[in-house]
Amino acid sequence: MLDIHNSVLVVIDVQGNLAHLMYKKDDFFHHAEIMVKGAELFDIPTLWLEQLPDKLGATIPQIATPLQQQGYSPIAKDTFSAFQNISFLEQLHLKQRKSIIIM
């Protein structure tokens with residue numbers, strides 16, 4: 001069972017034009033925003049990743065704005081897997097959480 005005191009939310013690559021090509025994107029954007037705001041409500045820390053933001057664009061405003069308001073900033077990555085990004089791994093380790101909620 002998921003324990004909010006032992007979980008971290010990881011937001012991965014909800015960016016630019018690619019995000020706008022997704023099937024039922026408006027539904028996804030709405031639910032993703034709820035997840036981000038819900039994590040804040042339950043004090044679940046969040047890690048936020050962007051794949052090649054200089055090429056693919058920034059995270060969509062519906063998600064970036066609440067994350068920025070919570071004091072988060074994106075971790076840029078240039079590999080497909082987040083687990084190949086040293087900065088992400090270091091920050092994940094610092095959170096000391098056993099469960100990862102991936103979005």
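## Helix α4

In this predicted model, the buried residues of helix α4 are I63, A64, P66 and L67. The elements that cover them include β1, α2 and β2. Just beyond the end of α4, G71 adopts a positive phi of about 95 degrees.

## Helix α2: length and buried side

Helix α2 runs over residues 25-41, a total of 17 residues. At 1.5 Å a residue, a helix of this length should span 24 Å, and the C-alpha atoms at its two ends are 24 Å apart, so the expected and modelled values agree.

Four residues of α2, namely F29, A32, V36 and A39, are buried. They occupy an arc of only 90 degrees around the helix axis, which means that they lie on the same side of α2. An α-helix has 3.6 residues a turn, so residues three or four places apart point the same way.

The partners of this buried group come from several parts of the chain. The buried residues of α2 pack against two strands, β1 (7-12) and β2 (46-51), and against two helices, α1 (16-20) and α4 (61-69).

## The other side of α2 and the residues after it

D26 and L41 are exposed, and they are found on the other side of α2. Just after the helix, D43 has a positive phi of about 60 degrees.

F42 belongs to the loop that joins α2 and β2. Its relative accessible area is 46%; because this value falls between the limits of 20% for buried and 50% for exposed, F42 is classed as partly exposed.

## A nonpolar surface patch

Which residues form a nonpolar patch on the surface? The patch consists of I4, L41 and F42, and together these residues have about 300 Å² of accessible area. Of these members, L41 is an exposed residue of α2, while F42 lies in the loop between α2 and β2.

## L56 in helix α3

L56 is part of helix α3, which covers residues 53-56. With a relative accessibility of 29%, L56 counts as partly exposed, because the figure is neither under 20% nor over 50%.

When residues up to four places away in sequence are left aside, L56 touches Q15, G16, N17, L18 and Q51. How far apart are L56 and L41 in sequence and in space? They are separated by 15 residues in sequence and by 30 Å in space, taken from C-alpha to C-alpha.

Key
Residues numbered from 1 in each chain as written. Predicted model: local features only at pLDDT ≥ 70, side-chain atom pairs only at ≥ 80, totals over all residues. Heavy atoms only, no water. Expected span 1.5 Å × (residues − 1). Buried < 20%, exposed > 50% of the residue type's maximum accessible area, 1.4 Å probe, protein only. Arc of directions from axis to C-beta. Contact = heavy atoms within 4.5 Å. Patch = residues over 30% accessible without salt bridge, like charges linked within 9 Å, V, L, I, M, F, W, Y side chains within 5 Å. Areas by Shrake-Rupley, 256 points an atom, 1.4 Å probe, with all protein chains shown as cover. Salt bridge = Lys/Arg side-chain N within 4 Å of Asp/Glu carboxyl O.
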